[in-house]
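Subject: The structure we talked about

Hi,

Here is the structure I promised to send over. Please have a look at it first, and then read on for what I found in it.

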Amino acid sequence: MTKAVGEAEKRFFLSENSYTVSFDLLDIEVPGEIIINEPQRQFKEFAPGSTIQLRGDSNLQDNFYVASAIDTLLSYRYFPANNLWLCSATTQSPNGVQLCKMSGDPVACPAGFNGDILCYSIK
């Protein structure tokens, strides 16, 4: 689902020159109930404890990403501006870190991630 939403965001960017944090503005149907709706982020819960998230800076061009989160275990994040896929987990979640390690190699987390999050490339 993260990839499909990321591709929809790319199409939106091509026509609007910015990303959107509104699922309603995308050209695909994203299942779930909106549980967070704020100016720079919107979350939908698509299964108990699992969300799909649209998040970005105020101009919706820099540091924008789509994320799928499984509880507090880990997140799969897609940054459409540079076609970057990451698995991230907090150091407080050893199981999440282990799952992310299976995804790929450790990489520096993008700006704005707090200090206890580890990032791994997704191959």
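D27 is exposed, because its relative accessible area of 52% is over 50%. Please keep in mind that this is a predicted model. The side chain of D27 meets that of R11 in a salt bridge, with 2.7 Å from N to O. This pair links distant parts of the chain: R11 sits in helix α1, D27 in the loop between α1 and β1, and 16 residues separate them. R11 has a relative accessible area of 39%, so R11 counts as partly exposed.

How many salt bridges are there in total? The count comes to 3.

Another of them is also found in helix α1, which covers residues 2–16. Here E7 forms a salt bridge with K10, and the closest N and O atoms are 3.8 Å apart. Both residues lie in that helix, 3 residues apart, or about one turn. E7 is partly exposed at 28% relative accessibility, and K10 is partly exposed at 26%.

There is also a salt bridge between the side chains of R41 and E38, with an N to O distance of 2.7 Å. R41 counts as partly exposed at 25% relative accessibility, and so does E38, with a relative accessible area of 37%.

Now to the strands. Strand β1 takes in residues 33–38 and strand β2 residues 41–47; they run antiparallel and are joined by 5 bridges. The hairpin between β1 and β2 passes through 2 residues. If you would like a pair to look for, E33 has E45 in β2 as its bridge partner.

E45 is worth following a little further, since E45 also has a bridge partner in β3, namely T51. Strands β2 and β3 (residues 50–55) run antiparallel as well, with 6 bridges between them. Their hairpin has 2 residues between the strands, and in this hairpin G49 takes a positive phi near 80 degrees.

In what order do the strands line up across the sheet? The order is β1-β2-β3-β4-β5-β6-β8-β7, an open sheet of 8 strands with antiparallel pairing. β1 and β7 (106–107) stand at the edges; each has a single partner strand, so one side of each is left without a neighbour in the sheet.

Further along the sheet, strand β5 (residues 74–79) pairs with strand β6 (residues 84–90) in the antiparallel sense, over 5 bridges. Within this pairing, S75 has S88 in β6 as its bridge partner. Helix α2 (residues 94–103) packs on the sheet and touches β5, β6 and β8 (117–121). The direction of α2 makes about 155 degrees with that of β6.

One last residue for you: is S68 buried or exposed? S68 counts as buried, because its relative accessibility of 10% is under 20%. S68 is found in strand β4, which spans residues 65–70. Leaving aside neighbours within four places in sequence, S68 is in contact with T2, T51, I52, L74, S75 and Y76. Two of those names have come up above: T51 as the bridge partner of E45, and S75 as that of S88.

Happy to go through any of this with you.

Best wishes

Terms used
Residues numbered from 1 in each chain as written. Predicted model: local features only at pLDDT ≥ 70, side-chain atom pairs only at ≥ 80, totals over all residues. Heavy atoms only, no water. Pairing = 2+ DSSP bridges. Helix = DSSP H or I, 4+ residues; strand = E, 2+ residues; numbered from the N terminus. Buried < 20%, exposed > 50% of the residue type's maximum accessible area, 1.4 Å probe, protein only. Contact = heavy atoms within 4.5 Å. Axes fitted to C-alpha atoms, helices over the stretch in contact; angles between N-to-C directions. Salt bridge = Lys/Arg side-chain N within 4 Å of Asp/Glu carboxyl O.
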